[in-house]
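Hello,

Here is the structure we talked about handing over. Please load it first, then read the notes below.

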Amino acid sequence: MTHVAKPISSAICRSSADNIAVHGLDLTNEILGKVGLGQMAFLEIYGRLPSVQECRVFESLIVALVEHGLTPSVLAARLTYLGAPESFQGAIAAGLSGLGNTFVGSVEGAARMLQESAANAEPVQAAQTIVEGFRTRKAIVPGIGHPIHKDVDPRSERIFAIAREEGFSGAHVRLMRQVAVQASETFGRHLPVNVSGAIGAVASELGLDWRICRGIGVVARSIGLVAHLFEEIRNPLARELWLRADEEAQG
């Protein structure tokens, strides 16, 4: 079979000897010093700058996930840096590799669950169908429950409030809340919407495809991991974790 070559192109960036354009905006004259990091991320993804309302909501999704203490991804990054301090980026990559269906990556699962639900479906019936499907498959319903924030995830409620204030609280948010109600009834324990569920719902309200919703967590946690590695350089704790674990494992 003969391969038919197709043109290789990207609409994101164009550059020449004296100009760099990102989605048609001049980097040096129209972006630098004028466009913030959240706006830039929005521009890269959507191909346009956000409105004031969109920017506030979008940035809240990123900021909510930057930091949450000594999470498994943070520990992985710190321990990797202990073993390979010459590879700062490798330690960051080790931390990001742990953003899966249990931690942070559930943003993607929640967004997919909501976006694949029938459009304009009645929330109660749709939530029952979703929860029953996960129960039948013996799979975890994404976006609900939290090992620490058992009664309510304060981040979720703040994200929902910001989305409501800026006009981005619609069918996806209603369905996410109803899924939490239905799951709590089905499994017999309180399962609040967690931050991943809130982000998945509001990202869906912003029209973000579920296939890149995990990217919100990747962007956010990258910032947090850089900070944790800087703290590791100044005030190391990875070696103590390693030695203590080794001692207790052999005890």
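To start with a small check: in strand 2, which residue is the bridge partner of S16? The partner is N19. Keep in mind throughout that this is a predicted model.

**The sheet**

That bridge between S16 and N19 belongs to an open sheet of three strands. The strand order is 1-2-3, and the pairing is antiparallel. Strand 1 covers 13-16 and strand 3 covers 25-26. Both are edge strands, each pairing on one side only.

Strand 1 and strand 2 (residues 19-22) run antiparallel, and four bridges join them. Besides the S16 pair, S15 has I20 of strand 2 as its bridge partner. The link from strand 1 to strand 2 is a hairpin through two residues.

On the other side, strand 2 pairs with strand 3, also in the antiparallel sense, over two bridges. Here V22 has L25 in strand 3 as its bridge partner. Strand 2 and strand 3 form a hairpin as well, with two residues between them. Look at H23 in that turn: its phi is positive, at about 45 degrees.

**A helix pair**

Next, helix 3 (residues 52-63) and helix 8 (residues 154-165). Their axes come within 9 Å and cross at roughly 170 degrees. An angle over 145 degrees counts as roughly antiparallel, so helix 3 is roughly antiparallel to helix 8. Helix 3 brings R56, V57, S60 and L61 to the contact. Helix 8 brings R158, I159, I162, A163 and E165. By class, the contact has five nonpolar, one polar and three charged residues.

**The largest pocket**

If you plan to look at open space, begin here. The largest pocket holds about 1,100 Å³. Its lining has 43 residues. N101, T102, S106, I140 and N194 lie nearest the centre. Four elements give two or more residues each to this lining: helix 6 (106-115), helix 7 (123-137), helix 10 (195-205) and helix 11 (214-234). Which helix gives the most? Helix 6 does, with five residues. The lining divides into 19 nonpolar, 14 polar and 10 charged residues.

**The second largest pocket**

This one holds about 210 Å³. There are 13 lining residues, and A118, N120, A121, A171 and L175 lie nearest the centre. Helix 6, helix 7 and helix 9 (171-187) each supply at least two residues. Helix 9 gives the most, with four. By class, the lining has eight nonpolar, four polar and one charged residue.

Helix 6 and helix 7 thus turn up in both pocket linings: they are among the elements listed for the largest pocket, and they appear again for the second largest.

**The cavity**

How many cavities of 30 Å³ or more does a search of the whole structure find? One. The space inside is about 50 Å³. Its lining residues are V66, E67, H68, G69, T71, V74, R221, G224, L225 and H228. Helix 11 supplies the largest share of that lining, four residues. The classes are three nonpolar, five polar and two charged. Helix 11 also gives residues to the lining of the largest pocket.

**In brief**

Three places to open in your viewer:

- The strand 2 to strand 3 hairpin, with H23 in the turn.
- The contact of helix 3 with helix 8, including R56 on helix 3 and E165 on helix 8.
- The largest pocket, from N101, T102, S106, I140 and N194 nearest its centre.

Over to you.

Best wishes

How values were computed: Residues are numbered from 1 along each chain as its sequence is written. This is a predicted model: local features need pLDDT of at least 70, side-chain atom pairs count only at pLDDT 80 or more; totals for chains, interfaces and linings use all residues. Side-chain values use heavy atoms; hydrogens and water are left out. On a 1 Å grid over the protein atoms alone, a cavity is a set of points where a 1.4 Å probe fits but cannot get out, and a pocket is an open set with protein on both sides within 12 Å along at least five of seven lines; lining residues have an atom within 4 Å of a point. Grid points are joined across faces, edges and corners, and a volume is the space filled by probe spheres set on the points. Ala, Val, Leu, Ile, Met, Phe, Trp, Tyr, Cys and Pro count as nonpolar, Asp, Glu, Lys and Arg as charged, and the others, Gly among them, as polar. Axes are lines fitted to C-alpha atoms, for helices over the stretch in contact, and angles run from 0 to 180 degrees between N-to-C directions. Angles under 35 degrees count as roughly parallel, over 145 as roughly antiparallel, 65 to 115 as roughly perpendicular and the rest as oblique. Contact means heavy atoms within 4.5 Å. Two strands pair if DSSP finds at least two bridges between them.
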